[in-house]
Amino acid sequence: MCLSTRLVTWAIVSTDDRRRMSSDKAEYKRQETELDELYQEIILDHYRNPRHKGRLSAPTASEEGYNPLCGDEIILDVEVTDGVVSDIAQRGSGCSISQSSASMMTEVIVGEPIADVKGLIASFTAMMRGSDDDLEELGDLEAMAGVRKFPVRVKCATLAWHTLSQALEKAKSS
Amino acid sequence: MTTSERIGALDVARIRRDFPILDRKVYGQPLVYFDNAATSQKPRQVIEALTHYYETSNANIHRAVHLLGEEATAEYEGVREKVSRFINAPSPECIVFTRNTSESINLVAYAWGRANVSAGDEIVVTVMEHHSNFVPWQQLAQETGAKLVVIGVKEDQTLDLDDGLSSYLSERTKIVAITHANNTVGTINPVKELAAEAHRAGALVLVDAAQSVPHMPVDVQDLDCDFLAFSAHKMLGPTGVGVLYARRELLAEMPPFLTGGEMISKVTIDETTWNGIPAKFEAGTPNIADVVAFGAAIDYLSDLGMQNVREHEKEITEYALRRLKQLESITIYGPEDIDVHGGVISFNYPGVHPHDVGTIVDRQGVAIRSGHGCNQPLMRSLDISGVARASFYVYNTAAEVDVFIDALGDVGDRFNG
Ligand SMILES: Cc1ncc(COP(=O)(O)O)c(C=O)c1O
């Protein structure tokens, strides 16, 4: 989009500086593609229209997750019935990645047995660490793989999942 | 086309050639470094001064009788004199070298604070303080039972002084700790007037000058402050060097902060007498090499002229503000009046988190900051969790602002379709 403007803008700086200021077009395209993969439509959709937003009236456990680096915050209420995550609600604030990750997570785990949810948590964290082994099992969550090209943002994507893991621990002991 | 892009006060094209890092590319694009409020880049002169010191004069200072020790001491003390002249201190004795602004302020909060503040006393700060000039006072208040009085801000993020500073003062006020220029919304505070008012009420004044000394002329005698703190790394100098200016009588009276080598006059098994000032406050081997290199940074800025630096930043900030305002529905923080707005612009895109803004422009080579900027109390008072922030310095150009604005266009395209 702005490549041509960029070149024009830079041209007004001295000729001496022109060489080092020239932009690498191939690299520019590559970065655009990585950004496209980060900000996929499905991620932006969950960011704008978060699922299971709010709170539960009688949660089995609640847990708060906080990322001091970014200030991202996720609060989860989970309801566990007979070893199944029967309901979940999430609220919080933060960047598109942390919020959409939380929203996508709530969609896939409702109605799932705790054991399966734990497996999903493990698969998701493994994917964010770079593994492609469980992509199939992760379904739509695979969209989050684009975050791996942005190492400082990986924590944003995993925040909700760590928080869920802690919430389930709490639920077990309550 | 001219060979240099002169935006008024400074010959920026010439300046840019002094900064090796500006040659590097970020994701294939020329680096546009707009995170100067966090730390500035360093000119070749400073980097060379550092290597030159290690290659030619390295020795420990003050205690050696050999030539290298003498040279190192002369260079180190020479920079103290330079710093003293740079901020027009009455004497180099009033200059204490620390690690950074945070340590300078902690030195005062611990050494002066623990000796002079007690239960029922009052400490005045503002809601726009950097955590560095907030937490040490909050902790001092909690430890001593003193009261922390916090000056708020108005809609335009200038201090709420409608009823005068005196409305925040009492006869129990011991110190007013206030930032000269804010690091997030850019507000420049009227510290000279505030210092006069605080003094009339019998309180001392500490100025956090981390964002003013690097960017504008600062004269401690004209401000008539009692303490003033800043960091070398934000003004072209190396990391690891901070400055505390303090009035001579205060330094003389204050107990030391850290004890050990160098800061003593005589040590027996039973007692120790302190060295004179400022040595009393510089325990152990200081950061000699970086202090020496800091001298080169002060020379560099002195050559440019601090008034010119301020003029340049004013022009670029005005230009950036004008361009930003053309972007749809963006929220810009900080005072409208450029005379009280430093070279820092904070803004938010509606519906886009500052971290997403930061990530997108980064991939186009533009380095900005996103988050609370160590100004959490201020962010809370604005009811936001953070901002995206661009901050400028002597090597930045209007052309770079254009690149930044283009990159921001991409944020809008991605999030708002
Ligand atoms: C206004 C202000 N005060 C204090 C500081 C702390 O400086 P340092 O990290 O060098 O101690 C900063 C740095 O961000 C600042 O902007």
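**Exercises on the sheet and helices of chain A**

In this predicted model, Ile74(A) stands opposite Gly92(A), a residue of strand 3 of chain A.

**Exercise 1.** Determine the order of the strands in the open sheet of chain A, and identify which strands are the edge strands.

*Solution.* Begin with the order: the open sheet has three strands arranged 1-2-3, with antiparallel pairing. Next, find the strands that pair on one side only; these are strand 1 (61-67) and strand 3 (84-93) of chain A, the edge strands. From one strand to the next, the twist averages 20 degrees. Finally, consider one pair: strand 2 (residues 72-81) and strand 3 of chain A are joined in the antiparallel sense over nine bridges.

**Exercise 2.** State where helix 5 of chain A lies and at what angle it runs to strand 3 of chain A.

*Solution.* Helix 5 (residues 96-109) lies across strand 2 and strand 3 of chain A. Its angle to strand 3 of chain A is about 165 degrees.

**Exercise 3.** Compare the expected span of helix 6 of chain A with the distance between its end C-alpha atoms, then describe what its buried residues pack against.

*Solution.* Helix 6 (residues 114-128) has 15 residues. The expected span is 1.5 Å times one less than the number of residues, so helix 6 of chain A should span 21 Å. The end C-alpha atoms are 21 Å apart, which agrees.

Turning to burial, the buried residues of helix 6 of chain A include Ile114(A), Val117(A), Leu120(A) and Phe124(A). The buried residues of this helix pack against strand 2, strand 3, helix 5, helix 7 (135-138) and helix 8 (154-173) of chain A. Just after helix 6 of chain A, Gly130(A) adopts a positive phi of about 120 degrees.

Definitions and conventions: Residues numbered from 1 in each chain as written. Chains lettered and ligands numbered in written order. Predicted model: local features only at pLDDT ≥ 70, side-chain atom pairs only at ≥ 80, totals over all residues. Heavy atoms only, no water. Pairing = 2+ DSSP bridges. Helix = DSSP H or I, 4+ residues; strand = E, 2+ residues; numbered from the N terminus. Axes fitted to C-alpha atoms, helices over the stretch in contact; angles between N-to-C directions. Contact = heavy atoms within 4.5 Å. Buried < 20%, exposed > 50% of the residue type's maximum accessible area, 1.4 Å probe, protein only.
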